[in-house]
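User: Hey, I've got this protein open and I'm a bit lost. Can you walk me through it?
Analyst: Sure, let's look at it together.
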Amino acid sequence: MFKAGDIVKILIPNVVNTGYDYRLTADADLGSFVKVGVMNHKYIGVVYGIGDSDLPENKIKDTLDVFSDKLSVNDLQWIQKMSTWTLMTPGAVLRLIVNIPDAFSPPRVEQLYKYNADSVVRMTDARQAVADAFDSNYNEPMSISDVQNIAKVSGAVVKGMIQRGVLIPCDVRVQETDFSKYQCKDMGTVRLNEEQAAAALEINQAIDNGGFSAYLLDGITGSGKTQVYFDSAWRAYSRGQSVLLMMPEIALTAQFMSRYEKRFGAPPVVWHSNLTAARRREIWRGVLRGDIRMVVGTRSALFLPWQNLGLIVVDEEHDGSYKQEDMGNYHARDMAVLRAKISGFPIVLASATPSAETLQNVADGKYKQLRLTSRFGGASLPKIETIDLREDKPEQYKISSGTEESGPQTGYLSQGLCETIRETLGAGHQVMLFINRRGFAPVVQCKKCGWVAQCPDCSVGMTYHKQLGKLLCHMCGRTTTLPEKCPVCGDAVSYRGAGLEKIQEEVNIKFPSARTALVSSDTMISRQALERLVAKMETGDIDIVIGTQILAKGHHFPNLTLVGVVDADMGLFGTDFRAAEHTFQQLFQVAGRAGRGTVPGRVLLQTYQPEHPVLKAICSGNRDAFMSADMAARRSAKMPPYGQLIAIIVEADKETKLKKVCEMLVNAAPAAAGVKIMGPIAAQIYQVRNWYRMRFLVAGDMRAMLQPVVKHWVTKVRLPANVRLKIDVNPQNFM
């Protein structure tokens, strides 16, 4: 306990901060939230320790306010250990927690608007996005800025809807939400099978006993992993503890929300990137004050100011979206394990295709594996087969005249896949075609002179999006018109490769009576748009759904019996040493969408490499043998999880600056035993948004202490203006 007048270290949420000394104006504890001034800015910080700056007392500022709310000592230890591991400053870690600028301010009075569902207006895509924004926020009133930010529409769209009476003004004060309707209760709606009950019992005993323990809930797709961790979530919740159910954004589906509400008798409190500022503030304050004790959220939910956290579940623990690369580099799964270990409570990692790191922790005895080997409700696993495109070549199809690509076209769907699609549709069942490539064609090129459409701001080609009618850069989002002729020689341009729009074109010609739908980040611009598609699938209004990885997990379509993977080879031959693992995970998850009802499913993988170990493992269902072989190769190469990597990415607005800083780093490079420094080399994508990029890679075995070496190294180099240096511990992205 610190007294008013004591000089303490205050940690503030910015990227360079490790703590500043202030004089308390009221009593406070370690972890207490305070308001302080730094230069001309005001921050909400936390009491981090005893002051140690040795400044004269007359130079030390007073705190502006001291609040009764606080973080626990365990949370402060977590901040420090996360900082040490990721090489983010403690202030940068705190910024992930204190990310609500007005968290301690009184509610503001502002002009709010309600959505008028009875209004009659033509629903454009932009207006539908506004309607979806209100739907995703429980139809609560929103300000104009909130509507624009969530719906991603212009102010003109919002003002037009106000003028037409679609949005109705309601001058109300923003009030604190009553979270009593989110209080959970045991509805007893699910009876677990023998395997599920055994897994839940083990986790529940750990919750009762207290202390840290980690479990891998390893269950095939459709085995009912969700109901197991729901059972354990209730156990912790009923003991008065808080529970975090963490999952990838794309897994936050209406189907999941419905299952949650049936199990707990209340809608879930959901935390994700598309909430209004007011909603984020209310949830943050509700968690801080213990009014909210269970949250379903994406990776950032880990950084809510939890009180008495008693269980974390990381669903789809292998998913790449848990790796954050914008506001600091960290892996949310690993930081969740760290938080559970420091605070002393169980954590459950759930997956049908666990990551190599998690499997190694099981092998080392750090995690306990709980296996679910059969599909819930008696459904059978689908039969998975390959189609060898060297023998079963895709048929040509003809586009009617009058279009820019009229005439014969080389198809992408083999005869065998097409025949199976016809059989499936004839039986009244649904089909999913998977291709993890957006747009119509990934390459627009002149065959005469070789010109390729490239983004002027990024060193990548631009993708033709036929529905958009433009070329789009998938790195920076820049769009431009499709040239009618080659800008270099004036010859006609051609399209190479296939995206899901091109597959839809082929499907529509070959199966003209089938009702099709596209699913990608371009077409599913809101969660509500995806839920409308799911509803159409459930009611049978869609025959063939063509999609990217958005469809790979989290969906249950009982009448979907055929999954066709258009290009199973797409991810097999990248430069990333995890390419085989990631391809296996993705294809296995996609295959798991088939045959989840009473009719057995079938999965066809189109490939030029049917003998590839990844594809053979998927077809045989021998995941463990494949992962064992893949991990043996990594062990020989001392790659994670048998070695450590730290990437250092240098970015500059000018190539001359970039070269100079890299030379400075080379000259300052340390020579440490067991540490190997590679580079600099140009990043695989050298230019992004007109910034140029080089990378170093620091490697070492599991005993090497890489973080102190890297931290000391980079502090020896002073960065000029407009040069950024990013440190990524155990990188997942090598682009």
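Analyst: We'll go through cysteines, a few strands, one helix residue and some salt bridges.
User: Before we start, what kind of model is this?
Analyst: This is a predicted model, so keep that in mind as we go.
User: Okay, cysteines. How many disulfides are there?
Analyst: The structure holds 0 disulfides.
User: Huh. Why is C489 not bonded to C446?
Analyst: The two sulfurs are 3.5 Å apart, and that is too far for a bond because a disulfide needs them within 2.5 Å. The sulfur of C446 is the closest cysteine sulfur to that of C489.
User: And what about C619, which cysteine sulfur is nearest to that one?
Analyst: That would be the sulfur of C418, 19 Å away, and C619 is in no disulfide.
User: How accessible are C489 and C619?
Analyst: C489 has 33% relative accessibility, so it counts as partly exposed. C619 counts as partly exposed too, at 29%.
User: Switching to strands. Is strand 32 enclosed or open?
Analyst: Strand 32 covers residues 691-701, and 10 of its 11 residues are buried, so the rest of the structure largely encloses it.
User: Which strands does strand 32 pair with?
Analyst: Strand 30, residues 643-652, runs antiparallel to strand 32, with 10 bridges joining them. Strand 31, residues 675-688, is also antiparallel to strand 32, and there the number of bridges is 8.
User: Can you give me some residues to click on?
Analyst: Try V650, whose bridge partner in strand 32 is M694. Then find K676, which stands opposite A699 in strand 32.
User: What happens at R689, in the hairpin of strand 31 and strand 32?
Analyst: R689 takes a positive phi near 55° there, and the hairpin has 2 residues between its strands.
User: Now a helix. Where is A156?
Analyst: A156 is found in helix 5, which spans residues 155-163.
User: Is A156 buried or exposed?
Analyst: A156 counts as exposed, because its relative accessibility is 58% and the cut-off for exposed is over 50%.
User: How far apart are A156 and K448?
Analyst: Their C-alpha atoms are separated by 44 Å, and along the chain they are 292 residues apart.
User: Last topic, salt bridges. How many are there?
Analyst: The count comes to 35 salt bridges. One of them joins the side chains of K466 and E505, at 2.8 Å from N to O. That pair links distant parts of the chain, 39 residues apart: K466 is in the loop between strand 22 (463-465) and strand 23 (470-472), while E505 is in helix 13, residues 500-510.
User: Are those two buried or exposed?
Analyst: They fall in separate classes. K466 is partly exposed, at 30% relative accessibility, while E505 counts as buried, at 12%.
User: What about E506 and K510, where do they sit?
Analyst: Both lie in helix 13, 4 residues apart, which is about one turn of the helix. Their side chains meet in a salt bridge at 2.7 Å, N to O. E506 is buried, and K510 is buried as well.
User: Any other salt bridge I could look at?
Analyst: D653 and K657 meet through their side chains in a salt bridge, at 3.3 Å from N to O. D653 is partly exposed, with a relative accessible area of 22%, and K657 is partly exposed at 23%.
User: And which residues form a network?
Analyst: D218, R371, R623 and D624 are joined into one network by salt bridges that share partners.

Key. Residues numbered from 1 in each chain as written. Predicted model: local features only at pLDDT ≥ 70, side-chain atom pairs only at ≥ 80, totals over all residues. Heavy atoms only, no water. Buried < 20%, exposed > 50% of the residue type's maximum accessible area, 1.4 Å probe, protein only. Pairing = 2+ DSSP bridges. Salt bridge = Lys/Arg side-chain N within 4 Å of Asp/Glu carboxyl O.
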